Amino acid sequence: MHDLQCESLVKRFGAYTAVNSVSFNVPRGSFFSILGPSGCGKTTLMRMIAGFEAPSSGDIRIKGKSVLSTPPNKRPVKMVFQHLALFPMMNVGENIAYGLRCRGENKADIGGKVARVLDRVGLPGTEHKQVSQLSGGQKQRIAIARCMVLEPDVLLLDEPLGALDLKLRERMKIELKQLQHQFETTFLYITHDQSEALLMSDNVAVMNAGQFEQIGSPQELYNNPKTGFVAGFVGDSNRWSGRVVSLSEGKVRVAIDGGGEVTALAGDNRIAAGGSVEVFVRPEAISIGGGRDEVLGGTVESLLFNGASSRILVRMDNGHLVEVGQAVMDGSVTVSPGEKVQICWSQLHGRAFTTAR
Ligand code: ATP
């Protein structure tokens, strides 16, 4: 069962194609994110779903029914904007009641609905507070309550955490996920921040230059990227360019630019002997010492302590800087800047993708 279906959606602005034949289905009650860099077309896509922008071609269906001829205020979707757009002159209760009043609902019902939704977002009894008295996190919850009181089939969220400071953003990621779970409503969330998308979503579509590169669960995208763009955009990776020496049984031997050869999984079926590729290896797959099938030499350049994501930076003999993420925390690896080391990883943790040169 899908709440939202987009089929071959295209949006052109003159000769420029901002959204280029995008198709996806969002299962009912799930948290779906569209993740991509600035300018890739995320907002344009969301504006088409909300009805603020007409597609050049394609279809949008909500609960199986095309909404292309339905005006924005009649679509069963609501949108939370980055700047929340709460009315500063109204108190919390009036902000939430506004949409119900516009719909012409009667006063007695409105009071009950406002109280119930405030309860559900964890701010019971705050009807008479002024918006200016709320913290950043409370404003977020009121903005969501104001949409949810209208019981949309799909809630659209356009980078709603973008304006918050880091600490609050971290907390709100978890709260948003909990709110979605509690309301059991379909959330469509757009962001350029991969950590937000990975943490909150059931499924993520990675968008690049108007197109979807891959749709999958956070685990699938992280562990099994299908394109070099996804491998580079989702999570941290070391990446080295090089040329294919040989290819056999899904594995590719690559001569790294600057020196050294490594073997990695072939990430796409365009890889051919002599072709240009980029090899991606995640820092946490690399450790100091030998004992695994890919071993390269280098010199420790620095130690970056950052709690669980601490890193050792190693300058490889071929000149590349490599981030090593394993065994930094438990004290089992003690290295110092200037020390000669070997770094190693399993071939199964390297992935090569074709690049154009
Ligand atoms: P950001 O994260 O920076 O908001 P985005 O991924 O949401 O980026 P969009 O705002 O959808 O990207 O813009 C995609 C492209 O379409 C951009 O190159 C933008 O300049 C262009 N674009 C968007 N709206 C219009 C418009 N009304 N007229 C012309 N070009 C537009």
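I count two residues as in contact if their C-beta atoms, placed from the backbone, lie within 7 Å. I am working on a predicted model.

**Entry 1: overall chain**

I began with the chain as a whole. It has 357 residues, and 35% of them count as buried. I listed the secondary structure next and got 8 helices and 20 strands. The C-alpha trace spans about 75 × 45 × 35 Å along its principal axes. I then looked at contacts between residues at least 6 apart in sequence. Of these, 66% join residues at least 24 apart.

**Entry 2: α2 against α4**

Which residues of α2 meet α4? I found Val92, Asn95, Ile96 and Gly99 on the α2 side. Their partners in α4 are Ile142, Ala145 and Arg146. I sorted this contact by class and noted 4 nonpolar, 2 polar and 1 charged residues.

I took the geometry next. Helix α2 covers residues 92-102 and helix α4 covers residues 136-148. Their axes lie 7 Å apart, and the packing angle is about 30 degrees. Angles under 35 degrees count as roughly parallel, and α2 and α4 are therefore roughly parallel to each other. I logged the hand of the α2 and α4 crossing as right-handed.

**Entry 3: the buried side of α2**

I asked which residues of α2 are buried. They are Val92, Asn95, Ile96, Ala97 and Leu100. Val92, Asn95 and Ile96 are on this buried list, and they also appear in the contact with α4. I checked what the buried residues of α2 pack against, and found α3 (107-120) as well as α4. A reminder to myself on spacing: an α-helix has 3.6 residues a turn, so residues three or four places apart point the same way.

I also looked just past the end of the helix. Gly104 follows α2, and its phi is positive, near 80 degrees.

**Entry 4: α4 against α5**

I moved on to the other partner I had for α4. Helix α5 spans residues 166-183. The axes of α4 and α5 come within 11 Å and cross at roughly 25 degrees. That makes α4 roughly parallel to α5. I noted a right-handed crossing for α4 and α5.

Which residues make this contact? From α4 I listed Gly136, Gly137, Gln140, Ile144 and Met148. From α5 I listed Leu168, Arg171, Met172, Leu179 and Phe183. By class, the contact of α4 with α5 has 6 nonpolar, 3 polar and 1 charged residues.

**Entry 5: the ligand shell**

I pulled the residues around the ligand. The shell includes Phe13, Tyr16, Ala18 and Gly36. It also includes Ser38, Gly39, Cys40, Gly41, Lys42, Thr43 and Thr44. His192 belongs to the shell too.

Which element gives the largest share? It is α1, with 3 residues. Both β2 (16-27) and α1 (42-50) supply at least two residues each. I split the shell by class and got 4 nonpolar, 7 polar and 1 charged.

**Entry 6: Met90**

Last, I checked a loop residue. Met90 sits in the loop between β6 (77-80) and α2. Is Met90 buried or partly exposed? I found 14 other C-beta atoms within 10 Å of Met90, so Met90 is partly exposed. I also took one long-range separation. Met90 and Val230 are 140 residues apart along the chain, and their C-alpha atoms are separated by 44 Å.

Conventions:
Residues are numbered from 1 along each chain as its sequence is written. This is a predicted model: local features need pLDDT of at least 70, side-chain atom pairs count only at pLDDT 80 or more; totals for chains, interfaces and linings use all residues. Axes are lines fitted to C-alpha atoms, for helices over the stretch in contact, and angles run from 0 to 180 degrees between N-to-C directions. Helices (H or I, at least four residues) and strands (E, at least two) are DSSP runs, numbered from the N terminus. Angles under 35 degrees count as roughly parallel, over 145 as roughly antiparallel, 65 to 115 as roughly perpendicular and the rest as oblique. A crossing is left-handed if the near helix is turned anticlockwise from the far one by less than a right angle, and right-handed if clockwise. Ala, Val, Leu, Ile, Met, Phe, Trp, Tyr, Cys and Pro count as nonpolar, Asp, Glu, Lys and Arg as charged, and the others, Gly among them, as polar. A residue is near a molecule or strand if its C-beta atom, placed from the backbone, lies within 6 Å of it. A residue is buried if 20 or more other C-beta atoms lie within 10 Å of its own, exposed if 12 or fewer, and partly exposed in between; C-beta atoms are placed from the backbone.
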